[in-house]
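The following exercises are to be worked from the sequence and the coordinates. Each task is followed by a solution in steps.

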Amino acid sequence: MRGWWQEISDLVLPADCAGCGRPGGTLCDRCRGALRGTGARRVEPSPAPPGLPVVHAAVDYVDEARAVLLAHKERGALRLARPLGETLARAVRAACPGGGPGAGPRGRAAVGSGAVCGARPGTRPGAGPGVRPRGGPLLLVPVPSARRSVGARGHDPARRIALAAASVLRADGRPARVPAVLCQRRRVTDQSGLDARQRRANVTGALGAVPGGGRLLVAGPVVVVDDLMTTGASLAEAARAVTAAGGLVIGAAVVAAPLTAANRN
C-alpha cells in the first residue's frame, strides 16, 4: 500500500531536490552532476571480509550523493531510482572493462571471448583456479533487503536501482538482467552501530538462493550489486551465496562507498 502511494505522490506533489533541498525538482542539475562523479574507483574496506569480490564504487558516500541515497532508501523518493541506476551502471562498466561477457554491439568483448571482468583471470570468490568465464547476459544480483525492511520502506532499494541500471546497460548495447535469486535464510539484526567483525558475524550464512535460483545463475556471469558498501560484509555474503548456488561472480559494484574505503586504482 505504501509503495504505490509513494509513487503517486512523487508524481503529483511538488518536490525539492533530494540532494541539496533546493526547490525546483526531485534532483537539480548540480546534484545530478554529483552523481556522475569523476569516474568509478576500485575500493576495498579495511579489513576486507573473506570472499569479498573486487568492488567498484561510482561515487563517494558524501554530501549530495549521501543525501540522494538516503532519500531514495529511507524516504521513498522513487523517482531517484533512474539517476541512481545510471550511477550504478557506471560502476558495473568499471567492473567489466570493454563491455564484459555478453557485451552487445557497442561493447568490445564478445561472448565466450574469455575475458573475466573485475576478477583475476581464472578465479572466482570461493573457487579455485581454472574456472572458465561464462558467456551470456550480465546478471546483476542485488543484495536482498530483509522482508521486514521492504515492508517498512514500501520497496527494495537495491533491487529497484539494479533494475534501473540493467535498463541503462541494455540501452547501451550490453545485455543485462536482474534475476531474483537471493533471499534471507534467517533474520539478521540491524547493521547500524556494528563494527566490521560484528557485521560479518551478523550476515555470515544469512543468504541463500531461492528454489530454482541455480538455473537462473547459469545464464551468465554475475556482478553483485548494492546501493552502498561500508564494511563489505553483505557483498561478501551475497557473493558466497551466489557461488554456492553455481553462479560465477566476476565482481561487485555499488553506487557509493565511504571515503575511508581504500582506493585500489
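**Exercise 1.** Determine how many disulfides this predicted model contains.

*Solution.* A disulfide requires two cysteine sulfur atoms within 2.5 Å. For Cys28, the closest cysteine sulfur belongs to Cys31 and lies 3.6 Å away, so the pair is too far apart for a bond. Under this criterion, the count is zero disulfides.

**Exercise 2.** Classify Cys28 and Cys96 by relative accessibility.

*Solution.* The cut-off for buried is under 20% relative accessible area, and for exposed over 50%. Cys28 has 21% relative accessibility and therefore counts as partly exposed. Cys96, at 3%, counts as buried.

**Exercise 3.** Describe the surroundings of Glu237.

*Solution.* Begin with location: Glu237 belongs to helix H9, which spans residues 233-244. Its relative accessibility is 5%, so Glu237 counts as buried. Next, consider polar atoms. The side chain of Glu237 has a polar atom 3.0 Å from the backbone nitrogen of Leu207, and a polar contact of 2.8 Å links the Glu237 side chain to that of Arg240. Finally, compare sequence and space: Val143 is 94 residues from Glu237 in sequence, while their C-alpha atoms are 8.7 Å apart.

**Exercise 4.** Characterise the packing of helix H2 (residues 29-36) against helix H4 (residues 81-95).

*Solution.* The two axes come within 9 Å and cross at roughly 25°. Because angles under 35 degrees count as roughly parallel, H2 is roughly parallel to H4. The crossing of H2 and H4 is right-handed. On H2, the contact is made by Arg32, Leu35 and Arg36; on H4, by Pro83, Leu84, Thr87 and Arg90.

Notes: Residues are numbered from 1 along each chain as its sequence is written. This is a predicted model: local features need pLDDT of at least 70, side-chain atom pairs count only at pLDDT 80 or more; totals for chains, interfaces and linings use all residues. Side-chain values use heavy atoms; hydrogens and water are left out. Buried means under 20% relative accessible area, exposed over 50%, partly exposed in between (1.4 Å probe, protein chains only). Helices (H or I, at least four residues) and strands (E, at least two) are DSSP runs, numbered from the N terminus. A polar contact is a pair of N or O atoms within 3.5 Å; within protein, one must be able to donate a hydrogen and the other to accept it, and residues adjacent in sequence count only if both atoms are side-chain atoms. Axes are lines fitted to C-alpha atoms, for helices over the stretch in contact, and angles run from 0 to 180 degrees between N-to-C directions. Angles under 35 degrees count as roughly parallel, over 145 as roughly antiparallel, 65 to 115 as roughly perpendicular and the rest as oblique. A crossing is left-handed if the near helix is turned anticlockwise from the far one by less than a right angle, and right-handed if clockwise. Contact means heavy atoms within 4.5 Å.
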